[in-house]
Amino acid sequence: MEIRAAFKTDMQQIAQLHAKSWQDIYREELSDTYLSHDIYQDRCQVWQQRFLFPKKNQQIFVACNNGENKIHGFICFYLANHSQWGTLIENLHISKNCKGIGLGKQLLQTAARLTHNKNPNHGMYLEVLASNKAAQAFYQKYGAQHIKNQQWQAPDGNLVNEYVYRWNSISLLIHS
């Protein structure tokens, strides 16, 4: 698999993968109406905003088979987003048929390397739904620590419990 910077032409595939991932993982948290009808339009709007009006610190990378344009995973992060916690991993999604082959790790390491290059003393953090035990186990496997509980106002209007995970040091993640 090849990890490369995302292009505007990737926007539709990213939005579709994002929506499909949420449909697969968040059935217990988000409304059926949202997941069955509204999610594609909502995720398309989010990704249009990110590609057409990117924040200065925004980075998006995708995982593709070498020489193909089919996206199997992506990561969106914001370098030096928080003065104390560092880089925010906003999204990390892998297609269902590619989970377990190391794409998530490769994308996470891409963010860690860029974070380290920008500011070696900054860490990284992310927010993950309390119900998403698989994602929590994945982040813990690579050294993230649960530091805070909070609630997320989901796009369907629900309040959902989530956790903040953080890497104080990303050097171990880069070399794992």
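Modeller: Welcome! A residue counts as buried when its relative accessible area is under 20%, and as exposed when that area is over 50%. The model we will look at is predicted.

Colleague: How many helices and how many strands does the chain have?
Modeller: Reading from the N terminus, the elements run β-α-α-β-β-β-α-β-α-β-β-α. Each α in that string is a helix and each β is a strand, so counting them gives five helices and seven strands.

Colleague: What radius of gyration does the chain have?
Modeller: The C-alpha trace spans about 45 × 40 × 30 Å along its principal axes. For 176 residues, a compact globule would have a radius of gyration near 16 Å. The chain agrees with that, because its own value is 15 Å.

Colleague: What share of the residues in the chain is buried?
Modeller: Let's take the outside first: the chain exposes about 9,300 Å², and carbon and sulfur atoms supply 46% of this area. Turning to the inside, the buried share of the 176 residues is 48%.

Colleague: Among contacts with a separation of 6 or more, what share comes from residues 24 or more positions apart?
Modeller: A contact here is a pair with heavy atoms within 4.5 Å. Contacts between residues 24 or more positions apart link stretches that are separated along the chain, and their share is 60%.

Colleague: Which elements do the buried residues of α1 pack against?
Modeller: Helix α1 has 15 residues and reaches 21 Å from its first C-alpha to its last, close to the 21 Å expected. Its buried residues are M11, I14, A15, L17, H18, A19, S21, W22 and Q23. An α-helix has 3.6 residues a turn, so residues three or four places apart point the same way. The buried residues of α1 pack against α2, β2, β3, β4 and β6.

Colleague: Is H18 buried or exposed?
Modeller: H18 sits in helix α1. Its relative accessible area is 0%, so it falls under the 20% limit. H18 is therefore buried.

Colleague: With which residue does the side chain of H18 make a polar contact?
Modeller: Leaving aside neighbours within four places in sequence, H18 is in contact with R43, W47, F74, N91 and H93. The polar contact joins two side chains at 2.9 Å, and the partner of H18 is W47.

Colleague: Which residues does Q23 touch, not counting those up to four places away in sequence?
Modeller: Q23 is also in helix α1. It counts as buried because its relative accessibility is 11%. With close sequence neighbours set aside, Q23 touches L35, I39 and Y40.

Colleague: How many disulfides does the count come to?
Modeller: A disulfide needs two cysteine sulfur atoms within 2.5 Å. For C76, the nearest cysteine sulfur is that of C44, 15 Å away, and for C98 it is that of C64, 10 Å away. Neither C76 nor C98 is in a disulfide, and the count comes to zero.

Colleague: What relative accessibility does C98 have?
Modeller: C76 is a buried cysteine, because its relative accessibility is 0%. C98 counts as buried too, with a value of 7%.

Colleague: Is N117 buried or exposed?
Modeller: N117 lies in helix α3. That helix does hold buried residues, including L107, L108 and A112. N117, however, has a relative accessibility of 63%, which is over the 50% limit, so it counts as exposed.

Colleague: How far apart are the C-alpha atoms of S169 and A112?
Modeller: S169 is in the loop between β7 and α5, while A112 is among the buried residues of α3. S169 is partly exposed, because its relative accessible area of 42% lies between the two limits. Although 57 residues separate S169 and A112 along the chain, the distance between their C-alpha atoms is 9.5 Å.

Colleague: What is phi of A80 near?
Modeller: A80 is in strand β3, and it is partly exposed because its relative accessible area is 37%. Most residues other than glycine have a negative phi. A80 is not glycine, yet its phi is positive, near 45°.

Conventions. Residues are numbered from 1 along each chain as its sequence is written. This is a predicted model: local features need pLDDT of at least 70, side-chain atom pairs count only at pLDDT 80 or more; totals for chains, interfaces and linings use all residues. Side-chain values use heavy atoms; hydrogens and water are left out. Helices (H or I, at least four residues) and strands (E, at least two) are DSSP runs, numbered from the N terminus. Buried means under 20% relative accessible area, exposed over 50%, partly exposed in between (1.4 Å probe, protein chains only). A polar contact is a pair of N or O atoms within 3.5 Å; within protein, one must be able to donate a hydrogen and the other to accept it, and residues adjacent in sequence count only if both atoms are side-chain atoms. The expected span of a helix is 1.5 Å times one less than its number of residues. The radius of gyration is taken over C-alpha atoms; the globule rule is 2.2 Å times the number of residues to the power 0.38. Accessible areas come from the Shrake-Rupley method with a 1.4 Å probe; for residues, only the protein chains shown count as cover.
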